[in-house]
Amino acid sequence: MRIAIYGAGATGGYLGAKLALAHVNTTLIARGPHLEAMRRDGVRLLTEGKELVAHPVCTDNPREAGPQDYVIITLKAHSLPKVVDAMQPLLGPETAVVTAQNGIPWWYFHQVGDPWEGLKLESIDPGGRLWTDIGPERAIGCVVYAASEIVEPGVIRHLSGNRFTLGEPSGKKTMRVKALARALIRAGVRAPVRNIRHEMWLKLWGNVSFNPISALTLATLDRVATEPGTRAVARAMMEETRDIAAALGIQLRMNIERRIEGAAAVGAHRTSMLQDLEKGRGMEIDALVTSVQELGRVVGVATPAIDIVLALVRQRAGVAGLYPR
């Protein structure tokens, strides 16, 4: 089995190191000082009080790796269109592309059935380029519940969680998704195979609200979820998101209050969108928020709360130079 991790930063580097340590033929696609350190010293993984060192192939040139059985994309969703040409050498006739990314994926309406079969979302796949140049038939969904950080180039600290939930767009447990799950489990991570659309919406339910609110207020997750004003805004956004999911046939298996309380219990966590704002990195607005607004338009569900927060966070990110239009 040949697996390439495209965008081997914190999450991708963690997963790649675990696979390499389990003797899976693994290639990490990365860049800059982080790549140079991994090439020179291996991937140093700090986890469970230990330092482990893995030595996967590390490169910035996909041509050096050649066709893979699986390409696991751990880039932020807005970065994927920029690398679709570069990743073509990794794609053989049977290569599966695993989207280990937040938000609604570009292939969402593949094998979903009528009346939306084949719909392409402009907010996350402008012009349908990913649909055409990668191909939805390659897609395997992945919802990540693992937190890691790059301590210094080549050094990754695993903070919490190790679940990478997998699923085919069709909902079937195919040979290729079961084989990937077995490889991940052997590498020491949890990899259940489930109805991936349900799993995506459950995680998105929090991301669509807590992420942009935290970026606007600079508040940690516990404050967003407990202070009455921001809690009410989050609840309104989550109600709209729930109604959109229901219109698409997804019944979320948790009530809103329980979902908000779960977020509050995480504590003083800085959401990924807030971290990106503070560190001057491109903000993942379209996959997490704009896509939900677009889906509301598709199914005829009004999104007044999402519309307001989206307009504000777009402007906040645009002023910081982190959301080019």
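V97 stands opposite A139 in β8, one pairing in a predicted model where β7 and β8 run parallel and are joined by four bridges. On from there, β7 belongs to an open sheet of nine strands with mixed pairing. Below is a quick tour of that sheet, the helices that pack on it, and a couple of residues worth a look.

**Strand β7 and its partners**

- Strand β7 spans residues 91–100, and eight of those 10 are buried, so the strand is largely enclosed by the rest of the structure.
- Besides β8, strand β7 pairs with β6 (residues 68–73), again in parallel, this time through five bridges.
- On the β6 side, Y70 sits opposite A96 of β7.

**The sheet as a whole**

- Reading across, the strand order is β4-β3-β9-β8-β7-β6-β1-β2-β5.
- The edges belong to β4 (50–54) and β5, each with a single partner strand, so one side of each goes without a neighbour in the sheet.
- Ignoring direction, neighbouring strands are turned by 35 degrees against each other on average.
- Strand β1 (residues 2–6) pairs with β2 in the parallel sense, with five bridges between them.
- Within that pair, I3 faces T26 of β2.

**Helices packed on the sheet**

- Helix α2 packs on the sheet and touches β2, β3, β4, β5, β8 and β9.
- The direction of α2 makes about 150 degrees with that of β5.
- Helix α6 (residues 175–186) also packs on the sheet, with β1, β6, β7, β8 and β9 as the strands it touches.
- For α6 the angle is taken against β9, and it comes to about 150 degrees.

**A closer look at α2**

- Helix α2 runs over residues 32–41, and its buried residues include H34, L35, A37 and M38.
- Those four cover an arc of only 165 degrees around the axis, which puts them on the same side of α2.
- As a reminder, an α-helix has 3.6 residues a turn, so residues three or four places apart point the same way.
- Turned away from the buried side is a face of α2 that carries P33 and R40, both exposed.
- What covers the buried residues of α2? The cover includes β2 (25–29), β3 (43–47), β5 (57–59), β8 (139–152) and β9 (155–167).
- Just past the end of α2, G42 adopts a positive phi of about 85 degrees.

**E294 in α12**

- E294 lies in helix α12, which covers residues 285–299.
- Here's the odd bit: E294 is buried yet has no salt bridge.
- The nearest side chain of opposite charge belongs to R314, 8.1 Å away from E294, whereas a salt bridge needs a side-chain nitrogen within 4 Å of a carboxyl oxygen.
- So who does E294 touch? Leaving aside neighbours within four places in sequence, the contacts of E294 are K120, L121, E122 and S123.

**A20 in α1**

- A20 is part of helix α1 (residues 10–21).
- Buried or exposed? A20 counts as buried, because its relative accessibility is 17% and the cut-off for buried is under 20%.
- Not counting residues up to four places away in sequence, A20 touches T26, A54 and P56.
- T26 is also the residue of β2 that stands opposite I3.
- From A20 to N61 the distance is 19 Å, C-alpha to C-alpha, and the two are 41 residues apart in sequence.

Conventions. Residues numbered from 1 in each chain as written. Predicted model: local features only at pLDDT ≥ 70, side-chain atom pairs only at ≥ 80, totals over all residues. Heavy atoms only, no water. Buried < 20%, exposed > 50% of the residue type's maximum accessible area, 1.4 Å probe, protein only. Helix = DSSP H or I, 4+ residues; strand = E, 2+ residues; numbered from the N terminus. Arc of directions from axis to C-beta. Contact = heavy atoms within 4.5 Å. Pairing = 2+ DSSP bridges. Axes fitted to C-alpha atoms, helices over the stretch in contact; angles between N-to-C directions. Lys, Arg positive; Asp, Glu negative; His and termini not counted.
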